[in-house]
Amino acid sequence: YWGPSSLRLLGALGPLAYIKPLRGIQTIVKAMRISLDMLLDNTLLLLFFFVLFGLLGVSFYDDSLSRRCVMPNDHSVRALADWACKNDTAVTPPRDIHCPIEMVCIDGIENPNLNITSFDNLATGSMLIMQIITFWDWSKFMYQLQDVEMYTVTGIYFICLVVFLVFIVLNLFIGVIAGVFADVRSQELAEEAEHKAQHKQEKAEKKARKKTKKSNRGNGDGQEAEHKAQHK
């Protein structure tokens, strides 16, 4: 059973098994083929957490990263172009403490990275989660969301996201492949040892048969010589 048809291309690596220095590749391919079912289960678990944290992100941070400090009558004039803002009611007039006093914080201006990076919907939220779990520039978005939304809740959200998706789910893929590889390798070593023992036994039996045949031939020659002597 090869799993999805696209993965049957792994069979093209089979002839490499006849090249002695590359026989380990066959073990790797065999382990990947056997682990496909478990990897599929891990993939479904990964998708579940993607959807779960994506929906939570949409619920908590919809339009949060699109807020910008702009002039009230001209939204093209902005401050802190790469950083989201928050309307702080403790400030008079209500505005972000980092915005100039003549500017206001408006929703829906522009999200980072050409309006792609956001939690405005599940699709863009999933892309942002993918960036977070790769640890590429992820802290910038966490700090922005902590500035514009609930600080503690945002911290807990990002901690749970990293722990579940990076330290647990993604490591399950490595654990599955490593475990299956160890089993396949142990099986191959056992088969190799059994083959060597069988070959050694066959060699010993062949040697014993040869010795027996030689002994029988010597006995036959002795009997023939005795028969000739009696005939004379």
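This is a short conversation about reading a predicted protein model.

Visitor: Where should I begin? Which elements does the protein chain have, and how many of each?

Guide: Begin with the parts list, and keep in mind that this model is predicted. The protein chain contains six helices and three strands. Read from the N terminus, the order is α-α-β-β-β-α-α-α-α.

Visitor: How much of the protein chain is buried?

Guide: Of its 232 residues, 28% count as buried. The surface is worth a look too: the protein chain exposes about 15,600 Å², and carbon and sulfur atoms supply 62% of that area.

Visitor: What share of the contacts joins residues far apart in sequence?

Guide: Take the contacts in the protein chain with a separation of 6 or more: 68% of them are between residues 24 or more positions apart.

Visitor: Let's take one helix. How do I read helix 4?

Guide: Here is the general idea: an α-helix has 3.6 residues a turn, so residues three or four places apart point the same way. Now the case here. Helix 4 covers residues 122–133, which makes 12 residues, and spans 16 Å from first C-alpha to last, close to the 16 Å expected. Its buried residues are T124, G125, L128, I129, Q131, I132 and I133. Try finding L128 and I132 among these buried residues.

Visitor: What happens at the two ends of helix 4?

Guide: At its start, a side-chain oxygen of N121 comes to within 3.1 Å of the backbone nitrogen of A123. Just after the helix, F135 has a positive phi of about 60°.

Visitor: Which residues have the most contacts inside the largest nonpolar core?

Guide: First the general idea: in soluble globular proteins, nonpolar side chains tend to be buried together. In this model the largest nonpolar core has 29 residues, and I129, Y157, L161 and L165 have the most contacts inside it. Helix 2 (36–61), helix 4, helix 5 (138–148) and helix 6 (151–231) each give at least two residues to this core. The largest share, 11 residues, comes from helix 6. Apart from this core lies another one of five residues, including C69, C99, M103 and C105.

Visitor: What does I129 touch, beyond its neighbours within four places in sequence?

Guide: I129 is in contact with F50, F53, G54, F119, Y157, L161 and L165. You have just met Y157, L161 and L165 as residues with the most contacts inside the core.

Visitor: Several of those are aromatic. How do I describe a pair of rings?

Guide: A pair of aromatic rings is described by the distance of the centres and the angle of the planes. The whole structure has 12 aromatic pairs. One of them joins F60 and Y157: the centres are 6.5 Å apart and the planes make 80°, an edge-to-face arrangement. This pair links distant parts of the chain, with F60 in helix 2 and Y157 in helix 6, 97 residues apart.

Visitor: Are F60 and Y157 buried or exposed?

Guide: F60 is partly exposed, because its relative accessible area is 30%. Y157 counts as buried because its relative accessibility is 4%.

Visitor: What kind of pair do Y61 and F119 form?

Guide: Their pair is tilted, at 5.8 Å centre to centre with 45° between the planes. Y61 lies in helix 2 and F119 in the loop between helix 3 (112–115) and helix 4, 58 residues apart. Y61 is buried, with a relative accessible area of 1%, and F119 is buried at 1% as well.

Visitor: Which residues do ring pairs link into a cluster?

Guide: The cluster consists of F48, F49, F53, F60, Y61, F119, F135, W138, Y157, F158 and F164. Look for F135 there, the residue with the positive phi just after helix 4.

Conventions:
Residues numbered from 1 in each chain as written. Predicted model: local features only at pLDDT ≥ 70, side-chain atom pairs only at ≥ 80, totals over all residues. Heavy atoms only, no water. Helix = DSSP H or I, 4+ residues; strand = E, 2+ residues; numbered from the N terminus. Buried < 20%, exposed > 50% of the residue type's maximum accessible area, 1.4 Å probe, protein only. Contact = heavy atoms within 4.5 Å. Areas by Shrake-Rupley, 256 points an atom, 1.4 Å probe, with all protein chains shown as cover. Expected span 1.5 Å × (residues − 1). Polar contact = N/O pair within 3.5 Å; in protein donor to acceptor, adjacent residues only side chain to side chain. Core = buried A, V, L, I, M, F, W, Y, C linked by side-chain atoms within 4.5 Å. Phe/Tyr/Trp six-rings, centres within 6.5 Å; stacked < 30°, edge-to-face > 60°.
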